[in-house]
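Thanks for coming, everyone. Let me put the structure up, and then I'll walk through it piece by piece.

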Amino acid sequence: MRVEQIAVFLENKSGRLAEITSIIAEEGVNIRALSVADTADFGILRLIVDDVEKAKAALKGKGFTVGITNVLAVEVSDQVGGLAKVLRSIETAGLNVEYMYAFVNKSGENAVLIFRFEDMNKAIDSLLGDGYTLLTGEQICAL
Amino acid sequence: MTTVYWEEEIETLPRVGLESIQLKRLQRLVARVYDKVEPYRKKMDEAGVKPSDIQSLADLSKLPFTYKDDLRDNYPFGLFTVPLDQVVRVHASSGTTGKPTVVGYTEDDIKLWSGVMARAFCCAGANSGDMVHNAYGYGLFTGGLGAHYGAERLGATVIPVSGGNTKRQINIMRDFGSTVLMATPSYALNLADAMCDAGVDPSSLSLKVGIFGAEPWSENMREEVERKLNLKAVDIYGLSEIIGPGVAMECLKSSGGMHVFEDHFLPEIIDPDTGEVLPPGEKGELVFTTLTKEAFPLIRYRTKDISRLMYETCSCGRTLVRMEKITGRTDDMLIIRGVNVFPSQVEHVLMGIDGVEPHYQIVVEREGNLDTMQVQVEVSENVFSDEIRMLENLSKKIKADIKDYLGVTCTVKLVEPKTIQRSEGKAQRVFDNRKL
């Protein structure tokens with residue numbers, strides 16, 4: 001049910017993002033989804049890729065600080081109100097979202113929401129209970 | 001383990017006997033420099049003191065101080081007390097803050113230096129069976145050759161590897177079976193990181209003790225080095241003006257504090273502002289008088305190092321006074337909005353936080369009329385999180401701990417690993433960009 005996500009620490013310096021993505025590309029690793037969270041001094045790049053271990057080794061080899069964390073990938077239909085509905089469900093369950101980002105696979109079909117929850121087990125139970133589909137890492141890569 | 005001394009009789013001499021030797025040597029020294037070195041004679045005449053006024057060790061305080069500027073003013077050889085044909089070696093400082101300071105040694109001075117360094121090795125538990133990995137820089141800097149000659153005098157095997165070429169150093173340590181590491185503490189950490197990158201487990205090496213000096217370092221840094229390199233880390237003190245490394249050395253039984261080889265180097269602690277001699281145990285600036293050096297003796301040399309002297313008996317049996325680990329220098333002391341800050345204090349705070357890397361630097365700026373201090377810290381995997389909140393909490397914790405410990409508000413900047421320059425000698429921790 002859980003999807004492995006790579007997180008990379010980066011200083012707010014020009015060219016850093018380009019460098020990281022090039023390193024991953026050189027390894028032949030495909031990025032499925034990404035988000036950057038930033039503050040005035042630093043940012044955290046979060047990536048869902050088709051080969052976590054390969055990407056991690058390549059980035060560590062170039063001196064980056066890399067962490068692997070588990071996130072949930074929730075599939076919702078790509079139509080008006082799709083996100084609002086799942087967020088209401090999360091709120092009702094009293095779940096605390098650390099962060100989220102989303103990507104749309106093919107227009108008119110499904111969207112995938114990536115969530116990091118404080119209490120992952122409770123989130124899995126609650127979302128499955130409300131009838132949502134949680135994607136595995138393989139499923140995301142196969143999209 | 002029984003303590004092994006290099007010169008047991010002198011190292012364990014009761015204080016009365018030691019002071020009697022010191023006084024005789026001091027009287028001889030003062031008479032000699034007054035007779036032979038014009039700048040000393042001039043200073044003493046101006047202060048109204050004659051060699052015959054030195055009747056007790058307490059009379060030392062009548063003599064004028066010698067400053068680094070005196071060395072520069074008499075550059076290069078003006079303070080030497082022997083003709084140059086008796087000088088067998090010279091060393092010099094880098095001269096980054098002005099003219100270099102030049103020091104000279106007679107053949108006997110080199111023997112003396114080797115002898116005090118051999119004592120220092122014994123303090124660290126080293127002996128003739130050891131393989132001494134000497135990563136102090138060779139050249140005009142006194143660290144490399146000072147340690148080298150001392151290790152040879154001890155009868156140990158020296159690897160004169162010098163600084164730099166870190167990967168090769170690790171191969172040599174592994175292949176040659178280095179047992180004693182000599183380096184600056186910041187380079188020791190650099191070596192530890194490089195071992196980690198190369199997949200070399202320090203516990204597979206033969207290192208047992210590291211003798212680290214040439215820059216101030218904190219107790220927390222000591223723990224870090226000991227853990228990362230799997231050895232016992234001891235502190236050595238010296239400065240080229242006095243002789244080089246081997247002025248004072250920590251023994252394995254001391255709980256902090258280095259034995260000053262005070263039969264050769266007479267220490268005082270003074271108030272750096274007033275010059276007044278402070279009572280035993282008080283903290284202040286270290287001042288040294290060389291008692292036995294021939295080519296380049298110094299009287300009451302202001303080291304700018306902050307320490308204190310501890311006369312309590314050490315369990316190793318040595319009666320030689322101990323000086324506390326240098327916590328800072330009067331010249332690397334930053335004054336941030338009126339508060340005295342030493343880089344080693346910042347280091348102490350950082351090393352006390354779980355997972356924080358020992359690589360840091362301090363950037364000081366003046367914005368308007370206000371000093372700002374930024375502490376830059378590398379983010380390692382141990383402290384990294386995919387959540388902004390956690391990293392911001394880390395910054396806040398560092399900031400709060402520095403405020404608690406130093407009384408200064410700073411900003412904390414988390415930076416990517418390996419972006420702070422690694423040193424192969426003395427680390428530069430402070431970038432003071434204030435234009436005053």
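One definition before we start. A helix crossing is called left-handed if the near helix is turned anticlockwise from the far one by less than a right angle, and right-handed if clockwise. Keep that in mind for the first stop. Also keep in mind that this is a predicted model.

So, first stop: chain B, helix 8 and helix 9. Helix 8 covers residues 185-198, and helix 9 covers 219-229. Their axes come within 10 Å and cross at roughly 35°. Which hand does the crossing of helix 8 and helix 9 of chain B have? It is left-handed.

Who meets whom there? From helix 8 of chain B we have P185(B), S186(B), A188(B), L189(B), A192(B), D193(B) and M195(B). Facing them from helix 9 of chain B are M221(B), E224(B), V225(B), K228(B) and L229(B).

Stay on helix 9 of chain B for a moment. N220(B) sits in this helix. Its relative accessible area is 15%. The cut-off for buried is under 20%, so N220(B) counts as buried. What does N220(B) touch, leaving aside neighbours within four places in sequence? The contacts are H348(B), M351(B) and G352(B).

Next, the sheet in chain B. Four strands make an open sheet, in the order 10-11-12-15. The pairing is antiparallel. Strand 10 (265-270) and strand 15 (328-329) of chain B are at the edges. Each has a single partner strand, so one side of each is left without a neighbour in the sheet.

Now strand 12 of chain B, residues 301-307. Buried or exposed? Six of its seven residues are buried, so the rest of the structure largely encloses this strand. Four bridges join strand 12 of chain B to strand 11, residues 284-290. In that pairing, V287(B) stands opposite R302(B). Towards strand 15 of chain B, strand 12 has two bridges. There, D305(B) has R329(B) as its bridge partner.

On to charges. How many salt bridges does a search of the whole structure find? The count is 39 over all chains. I'll take three pairs and one network.

Pair one is R119(B) with E7(B). The closest N and O atoms are 2.7 Å apart. R119(B) belongs to helix 5 (residues 107-123) of chain B, while E7(B) lies in the segment before helix 1 (8-11) of chain B, so the pair ties together parts that are 112 residues apart in sequence. The two ends have their own settings. R119(B) is buried, at 0% relative accessibility. E7(B) is partly exposed, at 34%.

Pair two is D59(B) with K62(B). Here the closest N and O atoms are 3.2 Å apart. D59(B) is buried, with a relative accessible area of 13%. K62(B), at 43%, is partly exposed.

Pair three is K68(B) with E241(B), with 2.9 Å between the closest N and O atoms. This pair links distant parts of the chain, 173 residues apart. K68(B) is in helix 4 (residues 68-73) of chain B. E241(B) is in the loop between strand 7 (232-239) and strand 8 (244-250) of chain B. K68(B) is partly exposed, at 25% relative accessibility. E241(B) is buried, at 6%.

Then the network. Salt bridges link E98(A) and R116(A) with D386(B), E387(B) and R389(B). Note the chain letters there.

Last stop: chain A, helix 1, residues 16-26. Which residues are buried in helix 1 of chain A? R16(A), I20(A), I23(A) and I24(A). Seen down the helix axis, the buried residues fall within an arc of 95°, so they line one face of the helix. On the other side, A25(A) and E26(A) are exposed.

What covers the buried residues of helix 1 of chain A? The cover includes strand 1 (2-11), strand 2 (31-38), strand 3 (42-49) and helix 2 (52-61), each from chain A. One more detail, just after this helix. G28(A) takes a positive phi of about 75°.

That's the tour. Over to you for questions.

Terms used
Residues numbered from 1 in each chain as written. Chains lettered and ligands numbered in written order. Predicted model: local features only at pLDDT ≥ 70, side-chain atom pairs only at ≥ 80, totals over all residues. Heavy atoms only, no water. Salt bridge = Lys/Arg side-chain N within 4 Å of Asp/Glu carboxyl O. Buried < 20%, exposed > 50% of the residue type's maximum accessible area, 1.4 Å probe, protein only. Arc of directions from axis to C-beta. Contact = heavy atoms within 4.5 Å. Pairing = 2+ DSSP bridges. Axes fitted to C-alpha atoms, helices over the stretch in contact; angles between N-to-C directions.
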